[in-house]
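Open the model in your viewer and keep the sequence panel beside it. We will go from the whole fold down to single residues, one selection at a time.

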Amino acid sequence: MTDSQSTERLLLQTLWDWLRCQHFHRSPFFPVFFSLTVHLSCCVPYICLDLLCLRLSFIRRFKIQPGSKVTWKMTKRCLCKIFYNHFCFIFPLSVLYWYWRPVPQPLLAPDVLSVLKDVLAFLLLFDTQYFLWHLLHHKVSWLYQIFHKEHHLFTSTFSLTTENTGAWEMLSLSFFTTLNVALLGCHPLTEMVLYVTHMYLSVEAHSGYEFPWSPHRLVPFGLYGGARHHDLHHLKFKVNYAPYFTHWDKLFGTLHRGKTQRKTET
Ligand SMILES: [Zn+2]
Ligand SMILES: [Zn+2]
C-alpha cells in the first residue's frame with residue numbers, strides 16, 4: 001500500500017469511527033434528514049446563482065437558456081413538492097426500511113478504491129434503470145400523463161426542478177437507489193458517499209448552467225451528458241433520456257447534442 005493510499009484509508013477510518021459513535025446516524029429519522037439536507041445543500045449554490053444572474057450579466061453567460069428566469073412562484077412550488085414528497089413518502093418508507101434492515105455497523109471503513117468502484121457501478125446501473133423507465137414513460141402516453149408530466153412542468157431547468165416529481169416517479173427512483181445499494185453490498189459509508197455524488201450529479205444536470213468545470217466537460221469522449229444534455233430533454237421531450245451517461249441514448253438513436261435554443265421569455 002502506497003503512502004497516499006494509507007493516508008486516504010486513515011481519513012476514511014477516522015470519519016467512519018466518528019460516524020459510528022453518533023446516535024443520529026442510527027436514528028430512523030436520519031435517512032430523511034440526510035436526503036433532504038444533501039438535496040437542498042446541492043441546490044443552494046445554484047439558487048444563489050439564479051438570484052445573482054438577474055443583475056450580473058457575466059453569470060448569465062453561463063446559463064444554458066439565458067432568457068429564462070427563476071421566479072419566487074416557481075421556487076415555492078418546487079420547495080412545497082420536495083417537502084411534501086419527503087414527509088409523506090420518503091419519511092414513512094425510510095422508517096419502515098430502517099426497522100426491516102437496520103444500518104450495519106462494521107468496524108472497518110471501506111478502502112478508497114472500493115468506494116470509487118461502487119460509486120461508478122451504482123451510477124452505471126442507475127443510468128440504465130432510469131433510461132428504461134424514462135423511455136417507457138415517454139413512449140406510453142398515459143404513463144407520461146399520469147406519472148412523468150409533473151417533472152416536465154418547466155421547459156428550462158433550474159436546480160429545484162430535480163425533485164419536482166410526482167410520487168410514483170420519486171418512489172421509482174428511490175427504489176432503484178435502494179436496490180442498487182443492496183445489489184452492490186455497499187458499506188454504509190460508501191452508501192453515503194454514493195448518495196451525495198448521485199444527488200450532486202442530478203442537481204447539476206438540472207442546474208441550467210454550463211461552466212468550464214462542469215462534469216460533462218471533464219469526462220472525455222462525450223461519454224457524460226450533464227446539464228446541457230438534460231436541459232435539452234426538458235426543452236425537446238423526445239431526446240436524451242439517460243440521466244448521466246450518453247451510451248444508451250446513442251444506442252437507441254435518441255442522443256441530441258445540439259445547442260439549446262436560446263429562450264427570450266421573461
Ligand atoms: Zn422526461
Ligand atoms: Zn429532469
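Two residues count as being in contact when their C-beta atoms, placed from the backbone, lie within 7 Å. With that in mind, consider the contacts in the protein between residues at least 6 apart in sequence: 67% of these join residues at least 24 apart. One caution before you click on anything: this is a predicted model.

**Stop 1: the whole chain**

Show everything as a cartoon. You should find 11 helices and zero strands, so following the definition used for helices and strands, the pattern along the sequence reads α-α-α-α-α-α-α-α-α-α-α. The C-alpha atoms fill a box of roughly 55 × 45 × 40 Å along the principal axes. How does the radius of gyration fit with a compact globule? For 266 residues such a globule would have a value near 18 Å, and the protein has 19 Å, which agrees. If you colour by burial, 34% of the 266 residues come up as buried.

**Stop 2: α2**

Select residues 30-52, which form α2. Its 23 residues should span 33 Å at 1.5 Å a residue, and the end C-alpha atoms are indeed 33 Å apart. Look along the helix for a bend of about 30° at valine 44; a proline, proline 45, follows within four residues.

Now show side chains. Pro31, Ser35, His39, Cys42, Cys43, Tyr46, Leu49 and Asp50 are the buried residues of α2. An α-helix has 3.6 residues a turn, so residues three or four places apart point the same way. The buried residues of α2 pack against α3 (57-60), α4 and α8.

**Stop 3: the annotated transmembrane regions**

The unreviewed UniProt entry carries the annotation "transmembrane region" for residues 32-58, 79-99 and 119-136. Select residues 79-99: this span is 100% helix, with end C-alpha atoms 29 Å apart. Residues 119-136 are likewise 100% helix, and here the end C-alpha atoms lie 26 Å apart.

**Stop 4: α5**

Extend your selection to residues 112-139, the whole of α5. This helix has 28 residues and reaches 40 Å from its first C-alpha to its last, close to the 40 Å expected. Which residues of α5 are buried? They are Val115, Asp118, Phe122, Phe126, Asp127, Tyr130, Phe131, Trp133, His134 and His137. Among the elements that cover them are α6, α7, α8 and α11.

**Stop 5: the largest nonpolar core**

The largest nonpolar core has 33 residues, and Tyr46 and Ala242 touch the most other members. The elements giving two or more residues to this core are α2, α4 (72-100), α5 and α8 (188-205). Which element gives the largest share? That is α8, with seven residues.

Centre the view on alanine 242. Leaving aside its neighbours within four places in sequence, alanine 242 is in contact with Asp127, Phe131, Gly225, Trp248 and Asp249. Two of the residues you met at the previous stop, Asp127 and Phe131, are buried in α5.

**Stop 6: the annotated domain and histidine 152**

The unreviewed UniProt entry also has the annotation "domain: Fatty acid hydroxylase", covering residues 120-254. This span is 63% helix and 0% strand, and its end C-alpha atoms lie 23 Å apart.

Inside the span, pick histidine 152, in the loop between α6 (141-148) and α7 (167-184). Histidine 152 is partly exposed, because 16 other C-beta atoms lie within 10 Å, and a buried residue would need 20 or more. Histidine 152 touches His234 and Phe237, not counting residues up to four places away in sequence. Put a distance label from histidine 152 to histidine 233: they are 81 residues apart in sequence and 9.2 Å apart in space, C-alpha to C-alpha.

**Stop 7: two positive phi angles**

Most residues other than glycine have a negative phi. Two residues here are worth a click.

- Phenylalanine 221 has a positive phi of about 60°. It sits in the loop between α9 (215-218) and α10 (226-236), and with 6 C-beta neighbours inside 10 Å it counts as exposed.
- Asparagine 240 has a positive phi near 55°. It is found in the loop between α10 and α11 (247-252). Is this residue buried or exposed? Asparagine 240 is buried, with 26 other C-beta atoms within 10 Å.

Note on methods: Residues are numbered from 1 along each chain as its sequence is written. Chains are lettered from A and ligands numbered from 1 in the order in which they are written. This is a predicted model: local features need pLDDT of at least 70, side-chain atom pairs count only at pLDDT 80 or more; totals for chains, interfaces and linings use all residues. A residue is buried if 20 or more other C-beta atoms lie within 10 Å of its own, exposed if 12 or fewer, and partly exposed in between; C-beta atoms are placed from the backbone. UniProt positions are given in the numbering used here, feature names are shortened, and annotations may be inferred rather than shown by experiment. The radius of gyration is taken over C-alpha atoms; the globule rule is 2.2 Å times the number of residues to the power 0.38. A nonpolar core is a set of buried Ala, Val, Leu, Ile, Met, Phe, Trp, Tyr and Cys residues joined through C-beta atoms within 7 Å. The expected span of a helix is 1.5 Å times one less than its number of residues. The bend at a residue is the angle between axes fitted to the seven residues ending there and the seven starting there.
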